[in-house]
Amino acid sequence: CRFGPGPTARTQWRASRRPDLANIAHVLFALDQQVGIGVVVVARCAGIGLQGVSVRDIRAAGFRRPIALVPNGLSLPSALPERQRTAERILLFLGRLHPVKNLPNLIHAWGYAGLHNWRLVLAGPNEAGHREELETLVQKLKLTSTINFEGEVAGSKKWALLRMADIFVLPARSENFGISVAEALGCGMPVITTKGTPWEDVVAHRGGWWVDVLRSDRDRFLA
């Protein structure tokens, strides 16, 4: 279908109070006016720009038709691998090696903590050369003996790694959903993640920790 004119002045004004609602308000109004859609289905998934957008927000944008809020789906293997114990305990990050994941501050925190018999594993595809930056930082902080880079993992190798780890960490500055958190929880693993992600429920359900986003450099740790 072809969308007609943009939202009414009332809807534009309401959307402007939340910039992240501007585009969705336009689409919803167009659907309402041009198609007469009966139900809007809002999927909580990564990449569609709906972090923090609730049914109440959509109502505030002027949309009055029924809304269905559908949780992001999670597909676990029919049988998870047996958990493989290691001599060291493992803190696992699994995701894109990208600046938004806030991995330099995780590495600084790891060095500052000085944990014994623990290993930090960073697994995921390299984006925009960020892995090389992280490896340089690890070498500079002399942490090469306790931090591993695994590269991209998928399929059975990914699930084996999730079952091997003791705690999952997602230190992102911002995250729309974070499917890796759901996968870790599905494997029975506690999670450490930040308030830049929508995972506050891990605290309520005693599944982990939801902590402030640390935005400064190593001087914050050494203060």
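Start by selecting strand S6 (residues 167-170) and strand S7 (residues 191-194): the two run parallel and are joined by three bridges. The model on screen is a predicted one. Within this pair, pick Val169 and look across to S7, where Ile192 stands opposite.

Next, widen the selection to the whole sheet. Six strands make up this open sheet, with parallel pairing, in the order S5-S4-S3-S6-S7-S8. At its edges are strand S5 (147-151) and strand S8 (208-211), each of which pairs on one side only. On average, neighbouring strands of the sheet are turned by 20 degrees against each other, direction ignored. As a reminder, strands of a sheet pair through backbone hydrogen bonds, either parallel or antiparallel.

Now add helix H7 (residues 179-186). This helix lies across strand S3 (89-94), S6 and S7, and runs at about 170 degrees to S6.

Stay on H7 and select Ile179, which belongs to this helix. Is Ile179 buried, exposed or partly exposed? Ile179 has a relative accessible area of 35%, so it counts as partly exposed. Show Leu74 and Leu76 as well: together with Ile179 they make a nonpolar surface patch of about 210 Å².

For the last stop, move to helix H4 (residues 103-113) and display its side chains. Which residues of helix H4 are buried? They are Leu103, Asn105, Leu106, Ile107, His108 and Trp110. In an α-helix there are 3.6 residues a turn, so residues three or four places apart point the same way. Finish at Gly114, just after H4, where phi is positive at about 60 degrees.

How values were computed: Residues numbered from 1 in each chain as written. Predicted model: local features only at pLDDT ≥ 70, side-chain atom pairs only at ≥ 80, totals over all residues. Heavy atoms only, no water. Patch = residues over 30% accessible without salt bridge, like charges linked within 9 Å, V, L, I, M, F, W, Y side chains within 5 Å. Areas by Shrake-Rupley, 256 points an atom, 1.4 Å probe, with all protein chains shown as cover. Salt bridge = Lys/Arg side-chain N within 4 Å of Asp/Glu carboxyl O. Helix = DSSP H or I, 4+ residues; strand = E, 2+ residues; numbered from the N terminus. Buried < 20%, exposed > 50% of the residue type's maximum accessible area, 1.4 Å probe, protein only. Pairing = 2+ DSSP bridges. Axes fitted to C-alpha atoms, helices over the stretch in contact; angles between N-to-C directions. Contact = heavy atoms within 4.5 Å.
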